[in-house]
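Please open the model in your viewer and keep the selection panel at hand. This tour moves from one selection to the next.

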Amino acid sequence: MSDLLTLTGITKSFGGVKALKGVDFSLARGEVHALLGENGAGKSTLMRVVGGEIQPEAGSITFEGRSLTLTDPKAAADLGIAVIHQELALAPDLSVAENIFMRELPAAIAWGKLNRRARAVLDRMGFELDVRRRVGDLAVAQQQVVEIAKALSRDVKVIVFDEPTAVLSSRDAQRLHDIIAVLRASGVGIVYISHRLEEVFKIADRMTVMKDGALVGVTSPQTSTIDDVIRMMVGRNLSAMFPKAAHRSIGAEVLNVENLRRGMKVRGVSLSVRAGEIVGLGGLVGSGRTETARLIFGADAKEAGEIRLHGKAVTIKSPLDAVLAGIGLVPEDRKHHGAILDMSIRINTTMARLKPVVNAMGFIRRHKERDTVTALGQQLRLKSAGPEAPVSSLSGGNQQKVVLAKWFHAGGDVIILDEPTRGVDVGAKTEIYGLIEELAAAGRAILVISSEHQELFGLCDRVLVMAEGELRGTLLPDDYSEEKLLALAMTQSVAADHAAPLDLPAHTHQPVN
Amino acid sequence: MTQSTTVAPVAAPRRSFDAGEFFRRYGTVCIFLVLVLGASFESNAFLSDRNIMNVLRQISGTGIMAVGMLFVILTGGIDLSVGSILALGSVVSAIAIDAHGTGAGVGISVGAGALCGLVTGVLVAYAGLPPFVITLAAMTAVRGFALIVSDGQPIMMDDDASTVITNFGSGFFLGIPDPVWLMALVFVVAGVVLGFTKFGRLVKAIGSNREAVRLSGIAVPRYVMAVYVISGALAALAGVITTSRTGVGSGVVGVGAELNVIAAVVIGGASLMGGKGGVINTLLGALVMGVIANIMNLVGVPGYNQQVCMGAIIVIAMLLQHGSRWFKR
């Protein structure tokens, strides 16, 4: 196999954070090369380099034996490199045919010709799809087909699939693999990013494993097992960042959730958290953890499920209901959902419980509020220019402390934290862990969502693992290992196969309409 | 008074004078002062007591509506129906004062405006429909109501019944026209509400980051609805002032008034994205609009040219305020 594409020593930083640290990667003609690693390992960043979307600071790219620089996505597309992202880049209001030939639409469209050519592309892939249909009306799996057809409408030599099967049922995934087999046979080089290791082992010729922006190694399904690969993906830097509270006694059950459901994202989740207990919710990004938290908090409407607090059923239809019932949420997206960045620390801190700082007439009791916020700021060791400073003037860690202070002030019994230390420096992380311990020690029931496994292990009394909208298992402290967590998070369940299949027309020759 | 003064963080690298920040904050004041200065050079009559009172009286309606509009814009919304509600307020007040006396008449009129605001408010806040379209629909429908109620005719009041209201319209207290006092009262109350109450805080917070406020357990729709009620009530109040000045209720007044009102609020530095804006700057914005119209009249700019000039001056005001972007780069 001759190398089609070779990357050597690719380095890229984003604002001081090294996302890629001298990564090597090569792809041969007619090869399916899987790129594996945990969330944030740098896989997608590397493929954005291949697609010309970002330019590396160091390293070289060789394509068909010629050294080159990819200045923009168009340069990559002109060479025959196509990257199919997780988020599909389609125009929902245009037809299938228009989308397939998006890059080369003529000023005046000859519909007959365009539709004929689109049909020809789909035929080559072995799919039947009405090319006149509006893309927005198609199922996700069908949209994916359009995206692939778009790539194949030109002379394509390299295709990158970034988690193509994440949204597909296993039947549709199988069809995608059939397409990949055809492409492979015709000499196209294929990069395949996926968290589903079983399917990777089925279709990949080689596998490159990355961790923390660096290359761990290259292997193949013939020479390694799934366990070997998981071991390669997992790091070994256990840290002593977790201050265990001296005595945290775990009491009666506070939060009980039964059979929570919403679409494909949350499919029958049941869990419980006791007073003084910190329960982790682990799994991969997109496994339904954030959605579960939002359902418990009433931020989204649930299709089914029952929530009990202290054994009593509560009706939660909005965040207001949740806050009144005593549930707090520190959202994943601090800047858009957690804090009002333009407003002061004072205003942000008291937002979830204004009653103590407002008099009967609705006037704010400024001195009382200021004192409350100042005291909380000291308790949380908040570094700021005072309660009047806008939250936007704070560092990430201190912004997060303001969001935490909001729930310290609101004083509910249940606090859900979604990625509480994302974008927070190491020092502030330790402080936030301490605060979470403090909340638990005060008898609150804590649910923590995190994609950093060491964080879950360091902080939680037990860790529930989610995948594809379901709970896949529980890890107790004796079982804490990233291998075990990933094994639960990345193996396919039987239930997934029973999921409603997306109506993807296959090789049958019946027109869909 | 109402703006929370932000303490500059020590670490942030800042020049001693940040022109962009200065204009963002004091742009409206600067524009106002420059206009007044220019106007007094252009015409000797401009600074006369009589002319100043005239300007103030003319902006009293716009100013009152601008307060309601400020609340709506702070939440990130817009209310295009205020001109039509003004007309409804004018018609209803003339009829109701004639029938039920001044106090009840004014109350009924303001209530009718509030009701209009309630309908748009419910549609925007609870049904989640876009405020631009909903208030545009209300603009048409309410104008129609005003014309139906008045049968398309000016509504004359009985002389006895209208004495109190027309005295208010043409009267002075301490040398200042009565409607100007009413406008001042509205501004003071609004300033207190925005600066010192839970309601005012939440209105601003919703415009700043609606989702964060919702996820703090605040019943956001309730507050969004309320600002449209306030805007409707104040627009009808402006209609009462119109009636008080002419002694006639009319369904054709206030056509295009919403644009002047929005211009006043925006010249006052409010952001149409929500969250930013204050009462004092809104008053200045209304004054700027009034002064521009006045000076063009004094200097004798023809009517059509006035419209072009007005448009140009609004653009210049915007360029000055948003200059911060270019100063920073």
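What percentage of the 329 residues in chain B is buried? Select chain B to consider the matter; please note that the model is predicted. Buried residues account for 51% of the 329 residues in this chain.

**Stop 1: chain B as a whole**

Keep chain B selected and display it as a cartoon. The chain contains 14 helices and four strands. Its radius of gyration is 20 Å, close to the 20 Å given by the globule rule for 329 residues, so chain B is as compact as a globular protein of that length. Turn the chain about its principal axes: the C-alpha trace spans about 70 × 55 × 35 Å along them. Now consider the contacts within chain B between residues at least 6 apart in sequence. Of these, 80% join residues at least 24 apart.

**Stop 2: where chain A meets chain B**

Next, show both chains. Here 31 residues of chain A are in contact with 25 residues of chain B. On chain A, select helix H10 (319-325) and helix H11 (334-338); each supplies at least two residues of the side that touches chain B. H10(A) gives the most to that side, with five residues. Colour this side of chain A by residue class, and 21 nonpolar, seven polar and three charged residues will appear.

**Stop 3: the domains of chain A**

Hide chain B and colour chain A by domain. The domain assignment gives domain 1 (3-233) and domain 2 (253-498). Taken over C-alpha atoms, the centres of domain 1 and domain 2 of chain A are separated by 35 Å.

**Stop 4: strand E19 and its partners**

Select residues 462-467 of chain A, which form strand E19. Is this strand largely enclosed or open? Five of its six residues are buried, so E19(A) is largely enclosed by the rest of the structure.

Add strand E13 (residues 278-283) of chain A to the selection. E13(A) and E19(A) run parallel and are joined by five bridges. To see where the two strands face each other, select A:Leu281, which stands opposite A:Leu464 in E19(A).

Then add strand E20 (residues 470-475) of chain A. E19(A) and E20(A) run antiparallel, and five bridges join them as well. One place to look is A:Met466, whose bridge partner in E20(A) is A:Leu471.

Finally, follow the chain from E19(A) into E20(A). These strands form a hairpin with two residues between them. Select A:Glu468 in the turn, where phi is positive, at about 50 degrees.

Key: Residues numbered from 1 in each chain as written. Chains lettered and ligands numbered in written order. Predicted model: local features only at pLDDT ≥ 70, side-chain atom pairs only at ≥ 80, totals over all residues. Rg over C-alpha atoms; globule rule 2.2 N^0.38 Å. Buried ≥ 20, exposed ≤ 12 C-beta atoms within 10 Å, placed from the backbone. Contact = placed C-beta atoms within 7 Å. Nonpolar A, V, L, I, M, F, W, Y, C, P; charged D, E, K, R; others polar. Domains from an automatic or database assignment. Pairing = 2+ DSSP bridges.
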